[in-house]
Amino acid sequence: MTESLVVPTESSASQKPSPAPYVLPAGLAERLARRVVAPARAQTQPCVTPFTGGHLADLPVSTIDSVDHAYRAAGEAQPRWAAQSIADRARMLLRLHDLVLRHQDELLDLIQLESGKTRRQAFEEVLDVAGVCRHYARKASEYLRPRKRLGAIPVLTQTVELRHPKGVVGVVAPWNYPLSMSITDIIPALLAGNAVVVRPDEKAALTALRSFELLDQAGLPEGVLQVVLGDGPTIGKAVLDRADYVMYTGSTRTGRSVARDAAERLIGASLELGGKNAMYVAADANLKAAADCAVRSVFSSAGQLCVSIERLVLHEEIAQEFLTHFVAKVRDMRLGPDLAWGNDMGSLISQQQLDRVTAHVEDARSKGASVLAGGRARPEIGPYFYEPTILEGVTATMACRDEETFGPLVSVYRVSTDDEAVELANDTSYGLNASVFTQDVSRGRALAARIKAGTVNVNDGYIAAWASNGAPMGGMRQSGVGRRHGAEGIHKYTEVQTVAVQHVMPIAPVKGVPEKAWAKGMVLALKAMKAGGLS
Ligand code: NAD
């Protein structure tokens, strides 16, 4: 394992002011910048760390011409890449798996510095990338192999389904998971034989570029992955507007316009969007375990996680006891801007995020909600720190009832039956993730099936479903279209083609046989196929 990359010039204690400026090793940003397609004398954009608001590096900004150039280069490289065997491409991913684990310390530093999250939460990203590499490397041949299908007339018609790469996939990645979100959607696209043009978010660019460097080191041929940097509305949009397939992660608002543009070009799109995810704690739940899990599932990455829990639905019989555990744990959480293990929550990523959380809490407070924990910014720890916050008494007049906060804020609701809990969990326009806590697993499974969310975790908040890499992950309703992970997560990057070979005679009257007799024969054949159980 490599050593940590970045050393703060002063140590910082949690819950205390941290003036420590973080300094990247000399030459790192310049080296990473060489991977960006941008003009020779490109404008630059600053990378800052939310821990202190301090400057880390400058990276080049791409232009529309750069995006065109990236697509030309990717288009040229793609056929050679697609001609390599799946086994070769999969071996590259297993090498990436090892490289990510070997370089985890420097990746953790970069993730933390760019996003402001804790080391433990940054480590979830390392786990995620390794899991996705392993899964797709091991399963790609099965997911992508030609499949025999029953022909129109058994034996006489031989039918095979083939999967071809789409071509060049355009990926716009968000800022909240700088490692995971920048690379895990690319992995299956590459494995399926596509080239990729990616625009990582500017707030996640250093981590993304370092991970692409590891991908190069793992053996990705030159040209296959093109990287551009720039804002979403200009450069992100230009990337998606030229793609043969669109992979977008971000808000539902932006996702709608991305979907409109893709529809106009009749291009497929996978959209991973927002959520207003609920956790139901049933009357028979293990309350200590549920409270521990709620802390992790609400406040991971300071709530800037699409699958994080923003609504806690408690059965009234256990609500008070659960809250006693939960509120105490939340009040006890350690906040800090350290590149070290041990903190429970880090910073929000930007002033914009801080403003949104503050606005949601103030709006609810001014309309009568009670603050059970938190409820204020902590500028003495870092410019965008906000306390983990629990609200009760949230009503439909308050913005945080239905709008996604995407911050460290959860609202508590009490219900008197399981049916009421399901109804409340489904009372949202979103449908990304949900959680059910109960000691009766079959009851948990039954409740889960009634919740309109793409993933539901029983006795967990989000990791169980997210990290089940063989199973699809994504949103119902306003939370998105398409899925990542599993077969769906790689098949979406392929164009499926049916090749059917007809032998001996056509599926049409043959010369000399009257049409009526042929039709009778076909009816007999259909009946025989039904009786034979053919599908
Ligand atoms: P946002 O929609 O403003 O921006 C998200 C990303 O889209 C950014 O990288 C931005 O640069 C880019 N973008 C903006 N306009 C674009 C355009 N016209 N074309 C292409 N790209 C464009 O959202 P935000 O407030 O920055 O991010 C938070 C939102 O993202 C939340 O709603 C959250 O739930 C969602 N999100 C979802 C997932 C998921 O997997 N479902 C993961 C992370 C974030």
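# A walk from Lys203 into the sheet

Let us start at Lys203, which is partly exposed because its relative accessible area is 28% (buried means under 20%, exposed over 50%, and partly exposed in between, with a 1.4 Å probe and protein chains only). What you see above is a predicted model, in which local features need pLDDT of at least 70, side-chain atom pairs count only at pLDDT 80 or more, and totals for chains, interfaces and linings use all residues. Residues are numbered from 1 along each chain as its sequence is written, and side-chain values use heavy atoms, with hydrogens and water left out.

Which side chain does Lys203 meet in a salt bridge? The partner is Asp201, at 3.7 Å from N to O (a salt bridge needs a side-chain nitrogen of Lys or Arg within 4 Å of a carboxyl oxygen of Asp or Glu). Asp201 counts as buried because its relative accessible area is 8%. This aspartate also forms a salt bridge with Arg199, this time at 3.9 Å from N to O. Arg199 is buried, just as Asp201 is. So if you hop from Lys203 to Asp201, you go from a residue that is partly exposed at 28% to one that is buried at 8%.

Arg199 brings us to a strand, β8, which covers residues 195-199 (strands are DSSP runs of E with at least two residues, helices are runs of H or I with at least four, and both are numbered from the N terminus). How many of the 5 residues of β8 are buried? The count is 5 of 5, so the strand is described as mostly covered. Try looking at the two directions of its side chains. Ala195, Val197 and Arg199 point one way, while Val196 and Val198 point the other way, and all of them are buried.

Next, let us meet the neighbours of β8. On one hand there is β7 (residues 168-172), which runs parallel to β8 and is joined to it by 5 bridges (two strands pair if DSSP finds at least two bridges between them). Within this pair, Val172 has Arg199 as its bridge partner, the arginine that also reaches Asp201 through a salt bridge. On the other hand there is β9, again parallel to β8 and joined to it by 3 bridges. Here Val198 is the bridge partner of Val227 in β9.

These strands belong to an open sheet of 6 strands with mixed pairing, in the order β9-β8-β7-β10-β11-β19. Which strands stand at the edges? They are β9 (225-227) and β19 (480-481), and because each has a single partner strand, one side of each is left without a neighbour in the sheet. At the β19 end, the partner is β11 (residues 269-272), which runs antiparallel to β19 and is joined to it by 2 bridges. You can find Leu271 standing opposite Val481 in β19.

Another pair of strands is worth a visit. Strands β17 (residues 433-437) and β18 run parallel and are joined by 4 bridges, and Val436 has Val458 of β18 as its bridge partner. Strand β18 (residues 455-458) has two contrasting faces: Thr455 and Asn457 make up the covered one, and Val456 and Val458 the uncovered one.

Now let us turn to two loops. Leu266 sits in the loop between α10 (252-264) and β11. Its phi is positive, about 55°, although Leu266 is not a glycine. Is Leu266 buried or exposed? It counts as exposed because its relative accessibility is 78%. Val504, in the loop between β20 (494-502) and α19 (515-531), also has a positive phi, near 65°, without being a glycine. With 80% relative accessibility, Val504 counts as exposed too.

Finally, step back and look at salt bridges across the whole structure, where a search finds 33 of them. One of these joins Asp344 and Arg120, at 3.5 Å from N to O. This pair links distant parts of the chain, 224 residues apart: Asp344 is in the loop between α12 and α13 (351-366), and Arg120 is in helix α5 (residues 119-144). Arg120 counts as partly exposed because its relative accessibility is 38%. Elsewhere, Arg31, Glu106, Arg210 and Glu213 are linked in a network of salt bridges. As a last stop, look for Glu317 in helix α12, which is exposed with a relative accessible area of 64%.
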